[in-house]
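Trainee: I would be grateful for a close look at the nonpolar core of this protein. Please describe how it is assembled and what surrounds it.

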Amino acid sequence: MHNYWPEFITVALVHFLAVASPGPDFAVMLRQALCQSRRNALLTAFGIGTGILIHVGYSLLGIGLIIQQSLVLFSILKVVGALYLTWIAIQCLRSKAGGIHVETANGGRQSGFAAYRLGFLTNTLNPKATLFFVSLFSVIISPGTPIAIQTAYGVYMAVATGLWFMAVAVFFTLPQIRKGFNRFGYWLDRLMGGVLLLLAGQLLFSTVSGDGGEALNPGQD
């Protein structure tokens with residue numbers, strides 16, 4: 001096992017740069033933390049973390065390479081991901097002044113399952129995450145690395161991602177932090193909607209232009 005520590009450290013470093021970079025996951029997580037209960041924000045973070053396991057699974061099975069190398073399949077993935085981000089963005093942009101308030105009760109507007117599903121689908125349907133993990137498992141991780149070790153890498157990344165966004169959830173659900181955002185919660189919703197809409201537009205534009213994306217772009221999350 002000790003022979004794989006250098007490889008693991010490289011994987012962990014690249015993954016950290018990816019998960020800490022702004023992207024759909026962070027935008028959704030920020031809105032959840034500021035506008036939903038801490039419980040729902042944590043469930044969304046958990047959903048993002050478990051979504052990583054999907055990417056790891058098809059990368060280990062080699063399906064990711066098929067998706068990446070098939071223009072049709074990857075284009076479909078990008079369009080579906082863009083449409084999902086657009087749907088979330090529209091929900092944000094439809095918010096009205098005075099209509100944004102923090103949900104502190106467990107039974108708020110959003111159910112626990114909906115909060116989890118939001119995080120899971122946001123990560124799973126992110127085509128940049130597909131490119132990232134396919135590149136990671138084909139470029140950085142040696143083909144000679146045992147499947148058990150590669151699986152352990154994947155589990156680590158899922159857990160690390162979940163913990164990172166849980167930390168984000170805890171920080172932005174602190175009363176003093178929320179208080180600072182209460183005055184412009186409406187504008188925050190609009191801002192998040194605009195960011196997600198731009199990301200969706202970028203995905204659609206790359207599909208139309210035939211750009212395959214960035215192989216190891218750390219902005220996948």
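Mentor: In this predicted model, 47% of the 221 residues of the chain count as buried. The chain holds 10 helices and zero strands. Among its contacts with a separation of 6 or more, 89% join residues 24 or more positions apart.

The largest nonpolar core has 28 residues, and M29, F165 and L196 touch the most other members. At least two residues of this core come from each of α2 (24–35), α3 (38–61), α5 (71–93), α8 (147–172) and α10 (185–209). The largest share, seven residues, is supplied by α2.

M29 merits particular attention. Beyond its neighbours within four places in sequence, M29 is in contact with A41, T44, A45 and I48, and also with F165, V168 and A169. A second core, separate from this one, consists of 14 residues, including V11, I52, F133 and Y153. In soluble globular proteins, nonpolar side chains tend to be buried together.

Some nonpolar side chains lie on the surface instead: I66, V72, L73, I76 and V80 make a nonpolar patch of about 440 Å². Helix α5 gives the most to this patch, with four residues. L73 is found in α5. With a relative accessible area of 42%, L73 is classed as partly exposed, because this value lies between the 20% limit for buried and the 50% limit for exposed. As for the surface as a whole, the chain exposes about 10,700 Å², of which carbon and sulfur atoms supply 71%.

Definitions and conventions. Residues numbered from 1 in each chain as written. Predicted model: local features only at pLDDT ≥ 70, side-chain atom pairs only at ≥ 80, totals over all residues. Heavy atoms only, no water. Core = buried A, V, L, I, M, F, W, Y, C linked by side-chain atoms within 4.5 Å. Buried < 20%, exposed > 50% of the residue type's maximum accessible area, 1.4 Å probe, protein only. Contact = heavy atoms within 4.5 Å. Patch = residues over 30% accessible without salt bridge, like charges linked within 9 Å, V, L, I, M, F, W, Y side chains within 5 Å. Areas by Shrake-Rupley, 256 points an atom, 1.4 Å probe, with all protein chains shown as cover. Salt bridge = Lys/Arg side-chain N within 4 Å of Asp/Glu carboxyl O.
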